[in-house]
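Open the model in your viewer and keep the sequence panel beside it. The tour goes from one selection to the next.

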Amino acid sequence: MNIAVIFAGGTGQRMHTKSRPKQFLELNGKPIIIYTIELFDNHPEIDGVVVVCLESWIPFLKKMLRKFEINKVVEIVPGGETGQESIYNGLCAAERYSKSKNSTDDIVLIHDGVRPLITEETISENIKVASEKGNCITCVPATETFIINQPDGSLEIPTRSQCMIARAPQTFHLKDILEAHRKSIEADKNDFIDSCGMMTYYGHSMNTIIGPMENIKITTPTDFFIFRAMVEVHENQQIFGF
C-alpha cells in the first residue's frame, strides 16, 4: 500500500498573509493545498492520503475536499507544535489506515502541502525506488556554490557536482520512518530539519532521484508568482498543444 502524508500545518509567516495561511491561498479559485492533494488523489498508485492541517482550518479543508471531489483522503489530523511533531501525527494516521486494511510493508510519501508542482512521474519514481531500496529522496542539482563553515573557522567549498538540494516527496517504508520518529521521541530529540536528516541520523543510507526544478516550496510572495506563472504555462500547453 502506498500512502501520502501531506503536511499543511504551517502558518506561513514569510508569506506575510493576514487572512489565511499560505496553503489556503487561492489561485483561480482553488487553494494551493488542493492543487497539491489532487496530484496524489489522481495518481493510480496512491491508495490513501493523510493530511496534517492547522486544527482551526480543518473544517474549511473538509469543505474544499468535497467541493473539488477529492476521494482518497482517509484522515485529516491536526498539526503539532513543531514540524517534526506534525509529521509524526500524520505518520500515526497512516499507520491506523494501514492496520485498518490489514496491510504490511507500506510505503509512505511525505510531501509539503505547498509544493503543488510535483509531477506524476516523480511520484511514481519515488514509489519504485523506495520499494526496491527502502527509501527515496527527491532532489534537484545545486545551481549555485555552497560554502560550509567548519568548526575551526575555515570554509569548505564543495564542487557543485557533489551537491544536491533535498526537496519532496521524501519516501520511506512506513515502519522505518515510524521507528526513527519513536526513537527521537524517546531521546527527546526534536530538532531534525526533515525526514531524510532523521533517517540518516539513525543509520539509514539515503537513495536519491532528480525531480523537476519547478518543484518549489511556496514560502514567499515571489514563490506564489512563480506558481501562478507555471499554472498558466500548463494551461496554455493544454489549450494550444505546445
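Is N28 buried or exposed? Select N28 and show the surface: N28 is exposed, with a relative accessible area of 58%. Keep in mind throughout that this is a predicted model. N28 sits in the loop between strand 2 (26–27) and strand 3 (30–31). Now add V231 to the selection. N28 and V231 are 203 residues apart along the chain, yet their C-alpha atoms are separated by 9.7 Å.

**The whole chain**

Clear the selection and switch to a cartoon view. The protein chain has 7 helices and 11 strands. Along its principal axes, the C-alpha trace spans about 55 × 45 × 35 Å. A compact globule of 242 residues would have a radius of gyration near 18 Å, and the 18 Å of this chain agrees with that.

How many of the contacts with a separation of 6 or more join residues 24 or more positions apart? In the protein chain, such pairs account for 74% of those contacts.

Turn on the surface again. About 12700 Å² of the chain is exposed, and carbon and sulfur atoms supply 50% of that area. Of the 242 residues, 50% count as buried. Colour by charge next: there are 24 positive and 31 negative charges, and the mean positions of the two groups lie 5 Å apart.

**Strand 10**

Select residues 164–173, which form strand 10 and include P169. Zoom in on the peptide bond from A168 to P169: this bond is cis, with omega near 10°. Most peptide bonds are trans.

Move along to Q170, also in strand 10. Q170 counts as buried because its relative accessible area is 5%, and the limit for buried is under 20%. Which residues does Q170 contact, leaving aside its neighbours within four places in sequence? They are V108, L109, I110, C136, I137, D194, S195 and C196. For a contrast, select K183: Q170 and K183 are 13 residues apart in sequence, and their C-alpha atoms are 19 Å apart in space.

**S195 and helix 6**

Follow the contact from Q170 to S195, which belongs to helix 6 (residues 195–201). S195 is buried, at 4% relative accessibility. Not counting residues up to four places away in sequence, S195 touches I87, I110, Q170, F172 and I177. Show these side chains together with S195. I110 appears among the contacts of Q170 and also among those of S195.

**The cysteines**

Select the cysteines and show their sulfur atoms. How many disulfides does the structure hold? It holds 0. C53 is in no disulfide, and the nearest cysteine sulfur, that of C92, is 17 Å away. C53 is buried, with a relative accessible area of 0%.

Why is C196 not bonded to C139? The sulfur of C139 is the closest cysteine sulfur to that of C196, but at 7.2 Å it is too far for a bond; a disulfide needs the two sulfurs within 2.5 Å. C196 is buried as well, with a relative accessible area of 13%.

**Two loop residues with positive phi**

Most residues other than glycine have a negative phi. Select E69: it is not a glycine, but its phi is positive, about 55°. E69 lies in the loop between helix 2 (58–67) and strand 5 (73–78). E69 is exposed, with a relative accessible area of 62%.

Then select D105. D105 is not a glycine either, and has a positive phi of about 55°. Its place is the loop between helix 3 (83–100) and strand 6 (107–112). D105 is partly exposed, with a relative accessible area of 48%.

**Last stop: K217**

Select K217, in the loop between strand 11 (208–210) and helix 7 (221–240). At 33% relative accessibility, K217 is partly exposed. What does K217 contact, leaving aside its neighbours within four places in sequence? The contacts are D112, V114, R115 and D223. To finish, add E85: K217 and E85 are 132 residues apart in sequence, with 20 Å between their C-alpha atoms.

How values were computed:
Residues are numbered from 1 along each chain as its sequence is written. This is a predicted model: local features need pLDDT of at least 70, side-chain atom pairs count only at pLDDT 80 or more; totals for chains, interfaces and linings use all residues. Side-chain values use heavy atoms; hydrogens and water are left out. Helices (H or I, at least four residues) and strands (E, at least two) are DSSP runs, numbered from the N terminus. The radius of gyration is taken over C-alpha atoms; the globule rule is 2.2 Å times the number of residues to the power 0.38. Buried means under 20% relative accessible area, exposed over 50%, partly exposed in between (1.4 Å probe, protein chains only). Contact means heavy atoms within 4.5 Å. Accessible areas come from the Shrake-Rupley method with a 1.4 Å probe; for residues, only the protein chains shown count as cover. Lys and Arg count as positive and Asp and Glu as negative; His and the chain ends are not counted. The place of a charge is taken as NZ of Lys, CZ of Arg, CG of Asp or CD of Glu.
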